[in-house]
Amino acid sequence: MNRDYPLEKVRNFGIVAHIDAGKTTTSERVLFYTGMSHRMGEVHEGEATMDWMDQERERGITIAAAATTCFWTPTYDPENKDLKHRFNLIDTPGHIDFTIEVKRSLRVLDGAVIVFDGVSGVEPQSETNWRYADEEKVPRLCFINKLDRTGASFERSYKSILDRLTTNAVRMQIPIGEEDKHEGVVDLLTRTAYYFEGNLGSTIRTGEVPEHLKEDVEKYRHELIEKIIEQDEEAMNMYLEGKEPELTVLKKILRKAVIGNLITPVFTGTALKNKGVQLVLDAVVDYLPSPLDIPPTKGINPATGEEEIRNASDDEPFSALAFKVQSDPFVGQLTFFRVYSGTIEAGSYIYNSSTETKERLGRIVRLHANEREEVKKVFAGEIAAAVGLKDTKTSDALCDEKNPIILEKIKVPEPVISLRIEPKTKADQEKLGMALKRLSDEDPTFKVTTDQETLETIIAGMGELHLEVLVERMRREFSVDANVGKPQVAYRETILGTADVENKYIKQTGGRGQYGHVKIRVKPMDTSIADEDLPKNVKREDGLEFINSIKGGVIPQEYIPAVQKGLKEAMDRGVLAGYKLVNISVDLYDGTYHEVDSSEIAFKISASQALQEAVQKARPVLLEPIMKVEVVVPEQFMGDVTGNLSSKRGQIQGMEDRGQLKAVRALVPLSEMFGYTTQLRSMTEGRGNSTMEFDHYEVVPENVAKGIIEARGGTHR
Ligand code: GDP
């Protein structure tokens, strides 16, 4: 069976946005314009945060589906069958605390449309998502949405992109009117005015540039053309001779620059009032990459430990990533996967290199807006969903058993907040166990542990809201009734200094003894070195960097894993207040062993003791999560709000206008931010809004640390 669609006409892309910028509305318009959706639900203003899941459910499966397939022929040549493209629209979560989901979706998509609120411009989550997209080198288009709103400004929003995200951004359009006068957009490259009429703006009318915009159009068009031709010497020379390259040439150069992340085109309009979305879809065709345009996928051959690559070709061995496991009202469970190389047929066996198990791939489906298409075979570069895979989790790598490959893992951030959860009855206990397993399988930033002393269950996540949502899901989806404790900050411990320690764990009294002897050096881990750039003898896992410098077998190879295990165990409990240790580099450089008495357990204990002692000596400190906070309030409350943030050990990062309102950005320790929403409400007569997300860990100031350590019964040194 042959490929049903040429790969160069496939676009795997996602729509990414700060919550409320209009991702859902834009996605709905995409499904409508691509001709698949018959029902267009509207989102209503003023919803409570808790409602979002129910809303997604009520809106049907499409919007919430991990990937939806649709087709698009650009509006500039709608009859041209050769231009028809297949879109696999990949869902990215709209919620701040689910950043890992954004990261995961960025791994499987080839390009992204970043949606901004035309009143707010760049918001905190836009920055985070942008950073992630930078890390994954995802080519992007920007869509400044909500231009119809009071207070909206294309220029201000565009400038916020230039100032805060990238100087590579360039206007592709300018709006015809703003706020309630917003009528359409002018495409700068072609100097064409676009208006969107008829049912939900689906009839496109083009026209001359309105007189009052002609000057602006020429000015910004000039800017755009210069930006494009800078990327191409031939075009540049031609331009310098006074000749402008043809439209097709300009578009070709621009496409290459967008794919290379050298230019980010900016579009505008309003999804809700049905203006501009179709032109963004044209741009997806014109400028975002097909699977053939992106670099081959890298992975490790588990047999050899060597790096291998997989090209987006049907002739290569099969490799894929399961990027989302989702319950489905009709078929039970769907496992969405992206094929990087090779092909896979329904009914064949796949090898899960993450769990080292084999599973039969039963049925395969592709989800369209309102139908499921049964698929017999999936080709390289495509996205589909498997029905009934039982042992495959989110983020597992799937491959051909004869050519196994482990794909690069997504780095999961450590949870910053935890709380105790206690089932109300015996029956709840069982249901809780099941719910926790299911939810943590779905979401790797959601961690479940047991307190070793009290045996209570502790759940941890990326923010207060993240845990609130998960507890709510346990109640609704799994009918678990439970008491939940107060949220606690997940502090960490690390070292600022270095130490050199020798430890001997020796017991030689009668019978077989114990003998483990290690010498280690510890220092703070240099996180500026990426994992993939580390030398071969260095391994990083869970905040521990292990350097194996043992020469000449002074500690036999068979005991090295035991040493590593001992170090890992010691990392679980810091020396100040028992919090997890992070970012420590341990160099195992010497030791001895005993022919008879040495054992794995002896080396494990010796290494563990050595690390504890070394940490004591290397200036241990407490770390706390720092949150990026943004508060938007009417001007008269600004003074109170900033004063209050400062009193919370916050550092004000900037202030700016947001239409009629003011926004302040600050970095504030999480421990100071509990219950902030309520506090803000009473401080601003209910007119303030805030968002918050994890930014980084920072050393806790001495005086504050003292209190935390004492409260945990630790000793402050
Ligand atoms: P998401 O959180 O990014 O998915 O945002 P939604 O699509 O759910 O939109 C959030 C709110 O903004 C909803 O009330 C939408 O109706 C509204 N909205 C979305 N797009 C526009 C727009 O272009 N103009 C206006 N005025 N409101 C919009």
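User: Before reading a list of touching residues, what does contact mean here?

Analyst: Contact means heavy atoms within 4.5 Å. The model is predicted. In it, Val522 touches Ile495, Gly497, Thr498, Ala499, Ile584, Ser585, Val586, Leu611, Ala614 and Ala618, leaving aside residues up to four places away in sequence.

User: Which residues of the largest nonpolar core touch the most other members?

Analyst: In soluble globular proteins, nonpolar side chains tend to be buried together. Here the largest nonpolar core has 70 residues, and Met474, Val522, Leu611 and Val641 touch the most other members. A second core, separate from that one, has 52 residues, including Ala17, Leu89, Leu224 and Ala257.

User: Turning to the ligand, how many residues surround the ligand, and which are the closest?

Analyst: A residue counts as near the ligand if one of its heavy atoms lies within 4 Å. The ligand is surrounded by 18 residues, with Asp20, Lys23, Thr24, Thr25 and Asp148 the closest. By class, 5 residues of this shell are nonpolar, 7 are polar and 6 are charged. Helix 1, residues 23-33, gives the most to the shell, with 3 residues.

User: How should I read the polar contacts of the ligand?

Analyst: A polar contact is a pair of N or O atoms within 3.5 Å. An oxygen atom of the ligand lies 2.5 Å from an N or O atom in the Thr25 side chain. For the side chain of Asn145, the distance from a ligand oxygen atom to an N or O atom is 3.0 Å. At Ala21 the partner is a polar backbone atom, 3.4 Å from an oxygen atom of the ligand. Taken alone, the ligand exposes 580 Å², and the protein buries 93% of that.

Notes:
Residues are numbered from 1 along each chain as its sequence is written. This is a predicted model: local features need pLDDT of at least 70, side-chain atom pairs count only at pLDDT 80 or more; totals for chains, interfaces and linings use all residues. Side-chain values use heavy atoms; hydrogens and water are left out. A polar contact is a pair of N or O atoms within 3.5 Å; within protein, one must be able to donate a hydrogen and the other to accept it, and residues adjacent in sequence count only if both atoms are side-chain atoms. Accessible areas come from the Shrake-Rupley method with a 1.4 Å probe; for residues, only the protein chains shown count as cover. Helices (H or I, at least four residues) and strands (E, at least two) are DSSP runs, numbered from the N terminus. Ala, Val, Leu, Ile, Met, Phe, Trp, Tyr, Cys and Pro count as nonpolar, Asp, Glu, Lys and Arg as charged, and the others, Gly among them, as polar. A nonpolar core is a set of buried Ala, Val, Leu, Ile, Met, Phe, Trp, Tyr and Cys residues joined through side-chain atoms within 4.5 Å. Buried means under 20% relative accessible area, exposed over 50%, partly exposed in between (1.4 Å probe, protein chains only).
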